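Here's a set of exercises to work through with the model open in your viewer. Try each task before you read its solution.

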Amino acid sequence: MNPTRFVFFKSIGLSLVILCMAHNAIAQSAPSNHPSNHKTKPSEFDVRQRESLAQNPSDVSFTVRLAGEQKQFRQGEVIRLELRFTSSSAKTYRINTATYDRSGRLEMDKFHLEPDTGFSDPMRDHMGFMGGGLHGIPDLKEEPHLIVYDLNEWFRFEQPGTYRLYLSSPRVSRKGQRDETEAITLTSNVVEFEIVKPEAGWAAQELQKILKRLDAKDGKSDHREACRALRFLGTKAAVPELVRRYDSEDSECAFEFYAGLISAPQRDLVIETMEAQLIAPTQAVFGGWLALLVRLTSPSWRAPHSTDEEQARAQWRLYEEGYKQSQTKYADRLAQTVALKTGKARTVSLNTLLELKWDKTALPDPASYFGELSLEQQRRWLEFGWQQIGSASLLPVLRKVYQQRLSGKAEDGYERKDVSSQALRRIYELAPEEGRRLMLAAMKRPNPGVALAALTLLPDETLPELDQVFMNNFERGEQTEIHSALIERYASSALGSRVSTWLADKVGKTACYEQDRLLAYVLRVDATNGAALIRQALTLREDTHCFPSVLSGVAQLHFKPELEKLALEFLDDGDLEVVASAVNLLGRYGSAEAQAPLWQKLEQWHQTWSVRARELETDGGENELLRLQRGLEHALRIALGSASAWLATPKELARLKQLCVTRQEKEQVNHYVEAWGEKIPLRFAPAENEWGRAEVVQYEIHSLASLKRKLAQFPQGTVFHWQPYNEGQLDEAKEELFRIVQSFVNERSMRLVR
């Protein structure tokens, strides 16, 4: 190499070394917070996510991603999120697959967003009280289980910008846990996306696309997806479409349109549009539509949320007063203009006014439009609202409704049959002779075409003239359920030998429903023979699985002392399902003499299983023996703690708790004990078309006769405290029962006080 060039490069190298040393010296003397001196500090969002993520089991994976890997969304555009759950350990975990809640959106998984501003909860004003919904709990596998959400359900992004998101989910739990609340909370990865303002014209074009999909008749368009897109769009132009299309008959989209209206940013426009549409000739105003308008315009319309009980009650009173005032105002406006509505809009709106118990003298006679109501609405009025609409003017309409069962379409066959059954019931009330003729004619047909309940209203103890018809129809093998039930209800003793002969070689082999009815009939007309056939049904266990339920199945139809003897006989049977069935029968129908054998049975069970309590508690349901033993404990607790023939006082309940083994059953006994006090609470909830439900400490009672029998078991000097349910509803029925019960207990040296 040329010496001159070598000296040159050497000089440069030395200079670089000197420069580097100088740089290091400067860096060391620089302030410690200099940005070039360390990495950016993680945000609190990242710290929380990483700490939570570290708690995930190593053999479970929970990831989220934006559908289609889309990273940018316009305001009002649907943001679809996919949740994926997997496990590398077979049969170790299970997952709750719920995707909806009947009260509205599903509030199971928790969302974490950064930044925590720039968005709002669109459903903050939704009042959803009823939860639940169908779901499964399958095993979590290596193959991903997918849950899909639309992020718009939870967030309306009002500020453009970049957002980061992760989720916490309690869906996964370890198998073997009997308490499903002990779930594992999993944390997902973080996804990032950008919200931008829509370009000019996008919202208008999107609305037209959505409406085209909603109006499509080709069956190819995903109707619900289009409804959700309209719900989330959030523009002024979307509001009139949501109002117009909000219809109870659109089962796929009714909630979507409601949610779109209650969450719309333009609240004043929603109210203005609904007020205008309220009196529009073509707007069908169903109950939910009117209720939404009322809520949005009521003073203090938002749901009370105070944690102070007294303050919360005051808020509710204010809310209810405002709601009623607003409801009256809009219902009156609807009533004054309903005559101007046409077709379906008129029928639906009139139905709404009837549901509000509006003065029916100010409305058209229900007979003029009853036939135009949907089958479900007809059924509801005939079954639950008859006191409000019932009159002789409806008789021609009811005849037509009943006859329509013969020409009903296949797809609405069951619903039409239900409506026809209710129509027959009301015809019988308005014109008893005509109704009786129709009932007898239906009983004679191989296919009666109406429900059993409509055919069992006749006061006749038996219908001997139909004995052979009943049996012939049954033996034809069509509609055997209803014909066996007609035999049990109406057949005279003259048919006994024929039914017994039929059962002789078929008991233990025929369908459970039919067998129970025929056995109950034989027990009714020939108790000795009936008991022998029932014993046979209990012991024949190869062809069907009816034997565990035969005692209870027969008892609920017809009870005689012979059944109690059989139940006591089978208390020590080798099949635990049979034993549990015997226990249930003795608790519900048995005499006071059954109490001692039941205590003895529980003591024996306790002696065996008190040392194996842990097995019963921890089993996840896979061990059949443990499941059946828990079922037996449950049956014994109910029979001894809430039997109809004797009173289980706190003293007996203390003994019951001591003999129960599992925590669940002990807790239930605790609930029994908590119901007792110095004054015995007597609660009552009457029903529109039946007696209703009463509660006396741990006892639930469904008839006046049963209530009197239970009250008579209390000692003299007992004071009952009257506590009716549902203030302001069916108060006349409550007052009538109060007077009856007060007189009854006074005669027995007890008292009923308010």
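## Warm-up: the whole chain

The protein has 31 helices and 16 strands, and the model is a predicted one.

**Exercise 1.** Work out what share of the residues is buried, and what supplies the exposed surface.

*Solution.* Start with burial: of the 754 residues, 44% are buried. Now go to the surface. The protein exposes about 39200 Å², with 51% of that coming from carbon and sulfur atoms. Finish with the contacts: of those with a separation of 6 or more, 71% are between residues 24 or more positions apart.

## Aromatic rings

**Exercise 2.** Classify the ring pair of phenylalanine 119 and phenylalanine 157, then place each partner.

*Solution.* Step one, the count: there are 26 aromatic pairs in this model. Step two, the geometry: Phe119 and Phe157 sit 6.1 Å apart centre to centre with 65° between the planes, which makes the pair edge-to-face, since the cut-off for that class is over 60. Step three, the location: Phe119 is in strand 6 (residues 119-120) and Phe157 in strand 8 (residues 156-157), so the pair links distant parts of the chain, 38 residues apart. Step four, the surroundings: Phe119 is partly exposed at 22% relative accessibility, while Phe157 has 8% and counts as buried.

**Exercise 3.** Do the same for tyrosine 163 and phenylalanine 193: which class of pair is it, and which strands hold the rings?

*Solution.* The centres are 6.1 Å apart and the planes 20° apart, and the pair is stacked. Tyr163 belongs to strand 9 (residues 161-174) and Phe193 to strand 11 (residues 191-196), so this pair ties together parts that are 30 residues apart in sequence. Both Tyr163 and Phe193 are buried. Now zoom out: ring pairs join Phe73, Phe111, Phe119, Tyr149, Trp154, Phe155, Phe157, Tyr163 and Phe193 into a cluster.

**Exercise 4.** Find which rings have an arginine sitting over them.

*Solution.* Go to Tyr513: the charged end of Arg517 sits over its ring, 3.6 Å from the centre. Then go to Phe738, where Arg754 lies over the face of the ring at 3.8 Å from the ring centre.

## Helix packing

**Exercise 5.** Decide whether helix 24 and helix 27 run roughly parallel or antiparallel.

*Solution.* The axes of helix 24 (residues 576-588) and helix 27 (residues 624-641) are 9 Å apart and make an angle of about 10°. Angles under 35 degrees count as roughly parallel, so that is the label for helix 24 and helix 27. On the helix 24 side the contact includes Leu576, Val579, Ala580 and Val583, and on the helix 27 side it includes Leu625, Leu628, Leu632 and Ala635.

**Exercise 6.** Repeat for helix 28 and helix 29: parallel or antiparallel?

*Solution.* Helix 28 and helix 29 (residues 663-674) pack with axes 9 Å apart at about 170°. Helix 28 is therefore roughly antiparallel to helix 29. Leu653, Leu656, Lys657 and Gln658 of helix 28 meet Lys666, Val669, Asn670, Tyr672 and Val673 of helix 29.

**Exercise 7.** Explain why helix 5 counts as largely enclosed.

*Solution.* In helix 5 (residues 238-245), 6 of the 8 residues are buried, so the rest of the structure largely encloses it. The buried ones are Ala238, Val239, Glu241, Leu242, Val243 and Arg245. They pack against helices 3, 4, 6, 7 and 8.

## Loops worth a look

**Exercise 8.** Is tryptophan 646 buried or exposed, and what does it touch?

*Solution.* Trp646 is in the loop between helix 27 and helix 28. With 5% relative accessibility, Trp646 is buried. Among the residues it touches are Leu586, Ser591, Leu598, Tyr699 and Lys710. The C-alpha atoms of Trp646 and Ser591 are 8.1 Å apart, although their positions lie 55 residues apart along the chain.**Exercise 9.** Track down the backbone oddities: where is the cis peptide bond, and which residues other than glycine have a positive phi?

*Solution.* Keep the background in mind: most residues other than glycine have a negative phi, and most peptide bonds are trans. The cis bond joins Glu114 and Pro115, with omega about -5°, and Pro115 is in the loop between strand 5 and strand 6. Val697 has a positive phi near 40°; this residue is in the loop between strand 13 and strand 14 and is buried at 9% relative accessibility. Leu730 has a phi of about 50°; its loop runs between strand 15 and helix 31, and Leu730 is partly exposed at 32%.

Technical notes. Residues numbered from 1 in each chain as written. Predicted model: local features only at pLDDT ≥ 70, side-chain atom pairs only at ≥ 80, totals over all residues. Heavy atoms only, no water. Helix = DSSP H or I, 4+ residues; strand = E, 2+ residues; numbered from the N terminus. Buried < 20%, exposed > 50% of the residue type's maximum accessible area, 1.4 Å probe, protein only. Contact = heavy atoms within 4.5 Å. Areas by Shrake-Rupley, 256 points an atom, 1.4 Å probe, with all protein chains shown as cover. Phe/Tyr/Trp six-rings, centres within 6.5 Å; stacked < 30°, edge-to-face > 60°. Lys NZ or Arg CZ within 6 Å of the ring centre and 35° of its normal. Axes fitted to C-alpha atoms, helices over the stretch in contact; angles between N-to-C directions. Parallel < 35°, antiparallel > 145°, perpendicular 65-115°, else oblique. Lists of a residue's contacts leave out its neighbours within four places in sequence.
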